[in-house]
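This short report looks at how two protein copies are arranged, how DNA is held against them, and what the cysteines do. Take the symmetry first.

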Number of protein chains: 2
Amino acid sequence: MASSSHCLSSAAHRSIRRTCVNCALSELCVPVGLDQQDMERLDQLVDRQQPLPANAHLCRVGERFSSLYAVRSGCFKSYRMDREGRERVLAFHLPGELMGLDAIYPGVYQSNIIALDVGGVCALPYNDLSHLAAQIPRLQEQIFRLLSKDLSAYAWLAGDHSAEERVAGFLLDLSNRYRERGYSDRAFNLAMPRRDIANYLRLATETVSRVITRFEREGLIRTERREVQLLDLDGLNQRANYCLQVSG
Amino acid sequence: MASSSHCLSSAAHRSIRRTCVNCALSELCVPVGLDQQDMERLDQLVDRQQPLPANAHLCRVGERFSSLYAVRSGCFKSYRMDREGRERVLAFHLPGELMGLDAIYPGVYQSNIIALDVGGVCALPYNDLSHLAAQIPRLQEQIFRLLSKDLSAYAWLAGDHSAEERVAGFLLDLSNRYRERGYSDRAFNLAMPRRDIANYLRLATETVSRVITRFEREGLIRTERREVQLLDLDGLNQRANYCLQVSG
DNA sequence: CGGTGAAATTGACCTGGGTCAAGGGGGCGC
DNA sequence: GCGCCCCCTTGACCCAGGTCAATTTCACCG
C-alpha cells in the first residue's frame, strides 16, 4: 500500500478535477436532469475512489451497507453464493449504472460486487444521498426510476425463457445499453467469460456456446472470442421473444 | 353498475372513516414509522377505492402510470403476456404490500394486476406521493426500502432452483409474509389456484402437484385443496436451500 | 340430488438442456 | 520461443421436468 498522503497530494495537483459536472456519464447516472447548482451539491458527497484492479471486490455479502456505487469505467459483476457454494451471477454493470440498490432494504449488502477488468467507481454514501434527494426532487425521482428499472431487468431474468431466448435477450440487452452510452450497438466486446454469461442466464457454459454457434451458423451474429457483431437485430429480436419493450 | 352518487353518499354516512391512522396495515404499508401528523398528510392523498370483485383488473400493461396501489384486503396477482399469449405470473400481493412499482421507470404499467378474490386497494397518486416523500424523509426512505425489497424477491425468483426448492421457497415466503401480518405462519390458505403457483414458479402445474404430494408423503406439510399446514419448517428450509435470508 | 365443469392429481412418455469427457486455441510468464 | 493454463467448443449420453392423457374431486346450480 502506498501512503495515503502521497496519493492525496498527487490527486490534488491535477489541474482538471473529476466532477459530476464534467463527467460524460452524468446523463445516465444519478444526476440525470440536474442543473449545474444541484450537480455541485451532489459532487460534494461523491467519493471518487481509486481504480480497482481486475477481480478486486468492491463489497461482499453481509457487509454493512453504507454506499451505493456508480460505475465510472470498466464492467462489474454482482453475484451471490448458494448454500452449496455455487456462484449465482445476478447482474453485469456498465459505466453509468448504479450498484448496490438491493442492499437498501436490509441495510446489508446482498451481493458480492467484483471488477471484471480494471474499473473505477464513485461511492455515494447512502445517508447523504437520501438526505440530498429529499431536497432535490429530480434526484429523488431519478433514484426511484433506477430502482424501478432494475425491477424490470430482474423480471426478465426471472421469466421462463428457452436457452435461445436467453442468449438473444442478453445480447440485445447489452446492445441497447452500449447504444445508450454512445458505443456501437452492433459490435462490442464482452467483458465477461462465457462461464459468467452462462451463470447469469442460468444455463450451462456448454449450452451458451452451442447457442452462439447456432446463431453464427444462421447468420444472426459473428463472434471472435469476446468480440461480438450483431448482424441481424430483427432476427435476434425474433429469437428473444420479448413480450414488452421498456421505452427509454 | 350502481350510480356513483349513491355509493359516495353511503360511504359518507359511515361514522368511522377509513384512514391510514386507524389502518391495521400501516406498520407494513407506506406509512411505517410516520408520526400521526405525517400520517394525516398521507391520508389526504390516499384514494380508498371501492372493493374489486374477484377477477377484476386493477390496471393493465401499457396504461399510463398514475398511481401505486396498496393492498387493503384480499390477494392480488400481477402478470404479463408473452408474445405467444401465454400468461407469466410475476408476483402475488398480500395486504399491506405496494403494487405497481415497476411502472415508475417507464411511466407505463408493466403488468396487469388482477384481484384473486374480492379485494380492496388504496390508490396512491404517484406525483403527490413523491412530492410528499421529499418533505417526509421517513416516507422517502420507506419507498426506497420497498423498491429494494422487491429487488430481492425477484432475485430469488430469477435463481436457478429445482422444482422442490421453488415450491418449498414459495411456501416459506408466504409463511413469512403471513406471520408479518399477524396470521398463522403454520396454517393458511392459498388464494390462488395451482396453475398460478406453477406459472409463478416457472413450473408445470403437474410438477407443483407432484412436489406437494411428495412433501406430504414426507410429512413436511399437509394440504386439503387450498388449505396448507406447514408441519416441519426446518425440513422445508432444508429443501428450499436459501443462500441468504433477508432480515426483517 | 344428480349434472356439469373447472381444478387437482396421477401415470406414461418425451425432450431441452445439463453433465461428463475430450480436444483446440490464445495469452502470458519465464 | 515454449509451455502452461484457462477459455471455449464439440460430441455423447442422461435426467429433471414438461407434455399428453386419463381419472378423481369438489363447488356450484338447476
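Chain A can be laid on chain B with an RMSD of 0.0 Å, by a turn of 180° and a shift of 0.0 Å along the axis. The two copies are thus related as by a two-fold rotation axis. The superposition is by least squares on the C-alpha atoms of residues with pLDDT of at least 70 in both copies.

The model is predicted: local features need pLDDT of at least 70, side-chain atom pairs count only at pLDDT 80 or more, and totals for chains, interfaces and linings use all residues. Residues are numbered from 1 along each chain as its sequence is written, chains are lettered from A and ligands numbered from 1 in the order in which they are written, and side-chain values use heavy atoms, with hydrogens and water left out.

**Interface**

Of the interface residues of chain A, 100% are also interface residues in chain B, so the copies meet through the same surface. Contact here means heavy atoms within 4.5 Å.

**DNA strand D**

Which residues come nearest to DNA strand D? Of the 17 residues around the strand, they are Arg194(A), Thr213(A), Ala163(B), Thr207(B) and Arg210(B). A residue is near the strand if one of its heavy atoms lies within 4 Å of it. By class, this surface has nine charged, four polar and four nonpolar residues. Asp, Glu, Lys and Arg count as charged; Ala, Val, Leu, Ile, Met, Phe, Trp, Tyr, Cys and Pro count as nonpolar; the others, Gly among them, are polar.

On the DNA side, 66% of the strand D atoms within 4 Å of the protein belong to sugar or phosphate, and the rest to bases. The table gives polar contacts, that is, pairs of N or O atoms within 3.5 Å.

| Protein atom | Atom of DNA strand D | Distance |
|---|---|---|
| Arg194(A), polar backbone atom | phosphate oxygen | 2.7 Å |
| Ala163(B), backbone N or O atom | phosphate oxygen | 2.8 Å |
| Glu206(B), polar side-chain atom | base nitrogen | 3.0 Å |

Two or more residues each come from α6 (194-200) and α7 (205-217) of chain A, and from α7 (205-217) of chain B. α7(A) gives the most, with four residues. Helices are DSSP runs (H or I) of at least four residues, numbered from the N terminus.

**Cysteines**

The structure holds zero disulfides over all chains. A disulfide needs two cysteine sulfur atoms within 2.5 Å. For Cys20(A), the closest cysteine sulfur is in Cys122(A), at 6.3 Å, too far for a bond. For Cys23(A), the closest is also in Cys122(A), at 6.4 Å, again too far. Cys20(A) is buried (under 20% relative accessible area, 1.4 Å probe, protein chains only), at 10%. Cys23(A) is buried too, at 18%.

Conventions
Polar contact = N/O pair within 3.5 Å; in protein donor to acceptor, adjacent residues only side chain to side chain. Buried < 20%, exposed > 50% of the residue type's maximum accessible area, 1.4 Å probe, protein only.
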